[in-house]
Amino acid sequence: MEAREVVEPAVRGATRIADQVVAKIAMQAAREALGAPTPDGHEPPRTSVSVHDGSARVRVSVELGYPADIGARCRAVRQRITERVRTLAGMEVPEVVITVERLHSAHGERSGGERVR
């Protein structure tokens, strides 16, 4: 049995995770935080990511039901994205910018397109 030479991690090389992979992790994390998708036409979260020096800055656009505690929903999305990117990609997430693109009111989603007065 021959002895193996121990090679330091810095000498072995590095693993680079593409921005697109981190964006997919962030998108799935946002979906998890928002709960199961609804059949009422809500768009899934959209994400973009900028990775630099082992950290990821994330931008996510979401649609939310209304009435709801928008701040709490955004906080949950931010926490879940930070946790999942850190766990799965090994990156810190110093910034998660959330844009609420649209609010869907349960009162405004009636069939037949009738107007509520």
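**Exercise 1. Find the residue of β2 that stands opposite Thr47, then describe how β1 and β2 pair.**

Solution. Thr47 stands opposite Val60 in β2. The model is predicted: local features need pLDDT of at least 70, side-chain atom pairs count only at pLDDT 80 or more, and totals for chains, interfaces and linings use all residues. Residue numbers start from 1 along each chain as its sequence is written, and side-chain values use heavy atoms, with hydrogens and water left out.

Step 1: place the strands. β1 covers residues 46-52 and β2 covers residues 55-66. Strands (E, at least two residues) and helices (H or I, at least four) are DSSP runs numbered from the N terminus.

Step 2: read the pairing. β1 and β2 run antiparallel and are joined by seven bridges. Two strands pair if DSSP finds at least two bridges between them. Another bridge links His52 to Ser55 in β2.

Step 3: look at the turn. The hairpin has two residues between its strands. Asp53, in the loop between β1 and β2, has a positive phi of about 50° although it is not a glycine. Most residues other than glycine have a negative phi.

**Exercise 2. Work out the strand order of the sheet and name its edge strands.**

Solution. Step 1: pair β2 with β3. β3 spans residues 92-105, runs parallel to β2 and is joined to β2 by eleven bridges. Arg59 stands opposite Val97 in β3. Tyr66 has Ser105 of β3 as its bridge partner.

Step 2: follow the chain. From β2 the chain crosses through helix α3 (residues 70-89) to β3, a right-handed β-α-β crossover. Right-handed means that, with the strands pointing away from the viewer, the path from the first strand over the helix to the second runs clockwise.

Step 3: assemble. The open sheet has three strands in the order β1-β2-β3, with mixed pairing. β1 and β3 are the edge strands, each pairing on one side only.

**Exercise 3. Locate the cis peptide bond.**

Solution. The cis bond joins Tyr66 and Pro67, with omega about 5°. Pro67 lies in the loop between β2 and α3. Most peptide bonds are trans.

**Exercise 4. Describe how α2 and α3 cross and which classes of residue make the contact.**

Solution. Step 1: take the axes. Those of α2 (residues 19-34) and α3 come within 8 Å and cross at roughly 140°. Axes are lines fitted to C-alpha atoms, for helices over the stretch in contact; angles run from 0 to 180 degrees between N-to-C directions.

Step 2: classify the angle. α2 and α3 are therefore oblique to each other. Under 35 degrees counts as roughly parallel, over 145 as roughly antiparallel, 65 to 115 as roughly perpendicular, and the rest as oblique.

Step 3: list the contact, meaning heavy atoms within 4.5 Å. α2 contributes residues including Val22, Ile25 and Glu32, and α3 contributes residues including Arg73, Ile81 and Leu88.

Step 4: sort by class. The contact has 13 nonpolar, no polar and four charged residues. Ala, Val, Leu, Ile, Met, Phe, Trp, Tyr, Cys and Pro count as nonpolar; Asp, Glu, Lys and Arg as charged; the others, Gly among them, as polar.
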